[in-house]
Structure formats: structure tokens, C-alpha cells
Amino acid sequence: MNKSSFEQNGGTYRMVGDYRFPNITLPAEERKPIGIWGLKRKDYLMRHKRVQFNIMLMTGTLWTHLAEVDKQASDMFSRLVEQMKVNEGITEQLKADKQMEWVTRMNNIEARAREVVNHELICC
């Protein structure tokens, strides 16, 4: 019997009933902890970049990628919020004097920073 190209490249099969299934395993990859940004990136890849997601999963680079994106996005978000606070003059004094205005303005800044991070790092 002729060997398949899978067998010629070192692959093996296992018998399950009357069927032959290839012995394929994913490479071991350390599951690094990821936060909200990593989860958003994973969701985006699963929904919109399915081929890229599967390639990273099969080559063992998915969790490393997600952890890197999570770190970059978290750093970028913090940096943007701080820059916007300085540019718009939001201080601790405003927080002490006019709490509701401070909350409103901070929510606005955080929403804009989230949009930038999503556009630049998550959905690219």
C-alpha cells in the first residue's frame, strides 16, 4: 500500500473502529494570564480573522500574542487617559470640588481612550 503524504512526512494514524484518524496534537504553549484587552483581541480574531486565529492556535503562538496585546493595550490606555487628563485640566482639586463633573469628564476620557485602543491594537 502506498503511503500518504502525511505518513511520508512522519505522520501516524490511529484506528477508531473502521476509521483511521491522524495523530495530531497542538504544540504545548504556556497559557499566560490575559486581561480584558487580551480577551477582546481573542474575540476579534475568532470572529473576524478566523484563519489567523487558527494558525496562531496551531503553531502555539496564540496565548503569547494575546498577552503581548493585553500589555500593550493596557499601557496605551493608561498613557492616553493621563495625557487627556492633563490636556483637559482635570485635577484632584476638581475631583474634590465638583465630583459629578469630574466623574462625567473622566468617563468621557476613558471612553475615548478605549475607542483609540480598540482601533489601534484590538481590531487591526
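## Helix packing around W37 and F77

Helix 2 and helix 4 are oblique to each other (angles under 35 degrees count as roughly parallel, over 145 as roughly antiparallel, 65 to 115 as roughly perpendicular, the rest as oblique). This is a predicted model, in which local features need pLDDT of at least 70 and side-chain atom pairs pLDDT 80 or more, while totals for chains, interfaces and linings use all residues. Residues are numbered from 1 along each chain as its sequence is written, and side-chain values use heavy atoms, without hydrogens and water.

**Exercise 1. Describe how helix 2 and helix 4 cross, and list the residues through which they meet.**

Step 1: locate the two elements. Helix 2 covers residues 36-48 and helix 4 covers residues 62-88 (helices are DSSP runs of H or I, at least four residues, numbered from the N terminus).

Step 2: look at the axes. Those of helix 2 and helix 4 come within 7 Å and cross at roughly 125 degrees (lines fitted to C-alpha atoms over the stretch in contact, with angles from 0 to 180 degrees between N-to-C directions).

Step 3: collect the contacts. Helix 2 contributes I36, W37, G38, R41, K42 and L45, while helix 4 offers L62, W63, H65, L66, V69, D70, A73, S74 and F77 (contact means heavy atoms within 4.5 Å).

**Exercise 2. Find the aromatic pair in the structure and describe its geometry.**

Step 1: count. There is one aromatic pair in the structure.

Step 2: give the geometry. The partners are W37 and F77, with 5.8 Å centre to centre and 45 degrees between the planes, and the pair is tilted (rings of Phe, Tyr and Trp, the last by its six-membered ring, pair with centres within 6.5 Å; planes under 30 degrees apart are stacked, over 60 edge-to-face, the rest tilted).

Step 3: place the partners along the chain. W37 belongs to helix 2 and F77 to helix 4, 40 residues apart, and the pair thus links distant parts of the chain.

Step 4: check accessibility. W37 and F77 are both buried (under 20% relative accessible area; exposed is over 50% and partly exposed in between, with a 1.4 Å probe and protein chains only).

**Exercise 3. Work out whether H65 is buried or exposed, and what it touches.**

Step 1: H65 is found in helix 4.

Step 2: its relative accessibility is 19%, so H65 counts as buried.

Step 3: with neighbours within four places in sequence left aside, H65 is in contact with R41, L45 and M56. Two residues in this list, R41 and L45, also appear on the helix 2 side of the interface with helix 4.

**Exercise 4. Describe the packing of helix 4 against helix 6, and the place of R114 in it.**

Step 1: helix 4 and helix 6 pack at an angle of about 140 degrees, and their axes are 9 Å apart. That angle makes helix 4 oblique to helix 6.

Step 2: many residues meet here. On the helix 4 side they include V69, A73, M76, F77 and L80, and on the helix 6 side I109, A113, R114 and V117 are among them. F77 thus serves in this interface as well as in the one with helix 2.

Step 3: R114 lies in helix 6, which spans residues 99-122. Its relative accessibility of 33% is why R114 counts as partly exposed.

Step 4: R114 and F77 are 37 residues apart in sequence, with 6.7 Å from C-alpha to C-alpha. Not counting residues up to four places away in sequence, R114 touches both W37 and F77, the partners of the aromatic pair.

**Exercise 5. Compare the surroundings of A67 and K49.**

Step 1: A67 lies in helix 4, whereas K49 lies in the loop between helix 2 and helix 3 (50-59).

Step 2: A67 has 17% relative accessibility and therefore counts as buried. K49, at 32%, counts as partly exposed.

Step 3: 34 residues along the chain separate A67 and P33, yet their C-alpha atoms are 6.7 Å apart. For K49 and E29, 20 residues apart in sequence, the C-alpha to C-alpha distance is 21 Å.

Step 4: not counting residues up to four places away in sequence, A67 touches K32, P33 and I34. With neighbours within four places left aside, K49 is in contact with Y44 and C124.
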